[in-house]
Amino acid sequence: VQLQASGGGLVQAGGSLRLSCAASGRSFSSYIIGWFRQAPGKVREFVVAISQSGDSAVYADSLQGRFTISRDNAKNTVYLQMNSLEPADTAVYYCAAGTTTTTMAFRYDVWGQGTLVTVSS
């Protein structure tokens, strides 16, 4: 499977963005999809992961309530709805595919190229 993240951009604090992670290749529905983000000068940080069927998700504690993940296996796409954005959310956002629900980046096998989200104050 190959992944491509999109939907990033510049938004004011308090605004919303929806990121997409589109997959090509076969067996998309067999993968757990995670979102991570990396701010300048910081380590890559777990955001959320969604199960293969989309019926469960694990969120970073600090983000639950503002971010919502969903997936459409018919469209081979995972979405990340981000609301009430803050300047601290500024980062490159990456989607990744793996076979284990985990917050650890090294456990994911395939990564998309990232999409930049910039939140202005």
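**Close-up views of a predicted model**

**View 1. R71 sits in strand β7.** The model shown in this and the following views is predicted. Strand β7 covers residues 67-72 and is one of the edge strands of its sheet, pairing on one side only. Is R71 buried or exposed? R71 has a relative accessible area of 13%, and because buried means under 20%, R71 counts as buried. Leaving aside residues up to four places away in sequence, R71 touches F28, S29, Y31, I32 and I33. On the same terms, its contacts also include I50, S51, Q52, S53 and G54, and T77 and V78 complete the list.

**View 2. S51 lies in a loop and touches R71.** The loop that holds S51 runs between β5 (45-50) and β6 (57-59). Which residues does S51 touch, not counting those up to four places away in sequence? They are I32, S56 and R71. Residue I32 is also among the contacts of R71. Along the chain, R71 and S51 are 20 residues apart, and their C-alpha atoms are separated by 9.0 Å. The relative accessible area of S51 is 9%, which is under the 20% cut-off, so S51 is buried.

**View 3. Four strands form an open sheet.** The order of the strands across the sheet is β1-β3-β8-β7, and the pairing is antiparallel. At the edges are β1 (2-6) and β7 (67-72), each of which pairs on one side only. On average, neighbouring strands of this sheet are turned by 15° against each other, with direction ignored. The edge strand β7 is the strand that holds R71.

**View 4. Strands β1 and β3 run antiparallel and are joined by bridges.** How many bridges join β1 to β3? There are five, and β3 spans residues 17-24. One bridge can be followed from A5, whose partner in β3 is C21. Residue C21 appears again in the next view, where C21 forms a disulfide with C95.

**View 5. C21 and C95 form a disulfide.** A disulfide is a covalent bond between the sulfur atoms of two cysteines. In this pair, the sulfur atoms of C21 and C95 are 2.2 Å apart. Because a disulfide calls for sulfur atoms within 2.5 Å, a pair at 2.2 Å qualifies. The count for the model is one disulfide. Where in the chain are the two cysteines? C21 is in strand β3 and C95 is in strand β9 (residues 91-98), so the pair, 74 residues apart, links distant parts of the chain. The angle about the S-S bond is 75°, and the link is right-handed. Both cysteines, C21 and C95, are buried.

**View 6. The protein chain as a setting for the close-ups has 11 strands and zero helices.** Read along the sequence, the chain is a run of β elements, β-β-β-β-β-β-β-β-β-β-β. The C-alpha atoms fill a box of roughly 40 × 25 × 25 Å, taken along the principal axes. For 121 residues, a compact globule would have a radius of gyration near 14 Å; the chain has 13 Å, which agrees. Buried residues make up 44% of the 121 residues. Among contacts between residues at least 6 apart in sequence, 55% join residues at least 24 apart. The accessible surface comes to about 6100 Å², and 47% of this surface belongs to carbon and sulfur atoms.

Note on methods: Residues numbered from 1 in each chain as written. Predicted model: local features only at pLDDT ≥ 70, side-chain atom pairs only at ≥ 80, totals over all residues. Heavy atoms only, no water. Pairing = 2+ DSSP bridges. Axes fitted to C-alpha atoms, helices over the stretch in contact; angles between N-to-C directions. Buried < 20%, exposed > 50% of the residue type's maximum accessible area, 1.4 Å probe, protein only. Contact = heavy atoms within 4.5 Å. Rg over C-alpha atoms; globule rule 2.2 N^0.38 Å. Areas by Shrake-Rupley, 256 points an atom, 1.4 Å probe, with all protein chains shown as cover.
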